[in-house]
Amino acid sequence: MKPLSMKTYLLSTLLLLSSVNWAVAQEELTVTNKKFFKDLESVKLAEFAVSFTTSEAKSASTQSRTNFNGAKSALKVMTTGLTEELMQKITNDAYADFVEKLESKGLSVTKYNTKKNIKESMQQYVKPSENFKVDVDYYQAYSSISTITVSAGGGPFLKFNDQYFAGYAAQDKKERLVTVNYLVNSGYIAANASKTEDNFLGKIYNKTKVAFYPGVQVFWHSGLDIWVSKKDKGEIKINKNIYKEGAAGELKSIDETQLSRYSRAVLQLTIDEQKYYNDAMDVLKQANTKIVNELIALR
């Protein structure tokens with residue numbers, strides 16, 4: 001294994017950077033259906049879960065049927081050392097912080113059992129997942145990613161794609177139910193590809209780049225849903241990754257291939273448990289603060 005310094009690291013068309021400067025200004029949160037938060041007096045929490053990334057991969061390519069000789073770059077980042085004890089502690093502590101912030105604003109918080117409160121005829125379809133379930137996070141649709149999801153308290157939980165059952169229960173009981181889902185990643189991978197044609201010289205220039213920005217992050221679209229029915233819900237979601245810069249452990253290159261039109265690399269982050277815990281709690285507490293403050297403002 002080749003250790004990486006935290007200085008700029010360049011492997012042909014693969015780029016590893018130690019810091020990031022977001023060039024495009026973004027709103028910190030996105031909010032939908034604000035009316036569903038109005039006059040909220042208590043929070044009935046049907047789910048609170050944190051997903052932890054164990055690997056992520058992205059690629060950039062200019063290859064196509066009309067550009068067969070185009071370029072391609074690929075990068076995979078693997079995170080090792082995440083124990084069940086560490087992930088559970090982070091999730092429990094993030095949950096405790098979330099509840100404390102709500103209660104400090106005058107909102108009571110109670111845990112809500114969706115299966116027990118849904119219509120009896122539907123209870124057979126509600127099948128909570130065991131804790132530490134792999135690849136049930138909300139981000140599966142957006143990236144080649146692998147995660148472990150942990151529920152607050154460590155018990156069975158409704159995975160993201162099954163949380164619409166909270167909407168059924170909310171409609172049946174005429175209540176508003178809240179679910180919270182966070183994704184914690186070990187960094188951010190950005191992929192870019194471009195093709196430039198020079199008609200005068202009759203040449204095509206291909207450029208691909210995959211960049212990894214190490215740092216513990218709460219990812220885009222993490223956040224809170226408030227359910228009133230299966231189809232109707234409000235959202236308060238993170239729109240700009242909340243970022244703690246710097247690798248939370250030792251980052252190494254464990255595999256590299258460099259050819260004229262193709263390059264790839266696999267990086268491995270072996271976490272330092274204390275640093276990862278501190279950084280994860282930092283960004284999760286920031287996320288809790290942003291979401292709770294917005295919820296209170298919407299009341």
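I started with the largest cavity, whose lining is Ala-49, Ser-51, Val-136, Asp-137, Tyr-138, Thr-149, Phe-157, Leu-158, Lys-159, Phe-160, Gln-163 and Asn-181. For me a cavity is a set of points on a 1 Å grid over the protein atoms alone where a 1.4 Å probe fits but cannot get out, and lining residues have an atom within 4 Å of a point.

Notes on the model: it is predicted, so I kept to the rule that local features need pLDDT of at least 70 and side-chain atom pairs 80 or more, while totals for chains, interfaces and linings use all residues. Residues are numbered from 1 along each chain as its sequence is written, and side-chain values use heavy atoms, with hydrogens and water left out.

Back to the holes. I found 2 cavities of 30 Å³ or more; the largest holds about 60 Å³ and the second largest about 40 Å³, a volume being the space filled by probe spheres set on the points, with grid points joined across faces, edges and corners.

Next, I looked up who lines the second one: Thr-53, Glu-56, Asn-185 and Phe-212 are among them.

Then I turned to the largest nonpolar core (buried Ala, Val, Leu, Ile, Met, Phe, Trp, Tyr and Cys joined through side-chain atoms within 4.5 Å; buried is under 20% relative accessible area with a 1.4 Å probe, protein chains only). Of its 58 residues, Phe-48, Phe-52, Ile-90, Tyr-182, Leu-224 and Tyr-276 touch the most other members. Apart from this core I noted another, of 12 residues, including Ala-46 and Leu-177.

Methods
On a 1 Å grid over the protein atoms alone, a cavity is a set of points where a 1.4 Å probe fits but cannot get out, and a pocket is an open set with protein on both sides within 12 Å along at least five of seven lines; lining residues have an atom within 4 Å of a point. Buried means under 20% relative accessible area, exposed over 50%, partly exposed in between (1.4 Å probe, protein chains only).
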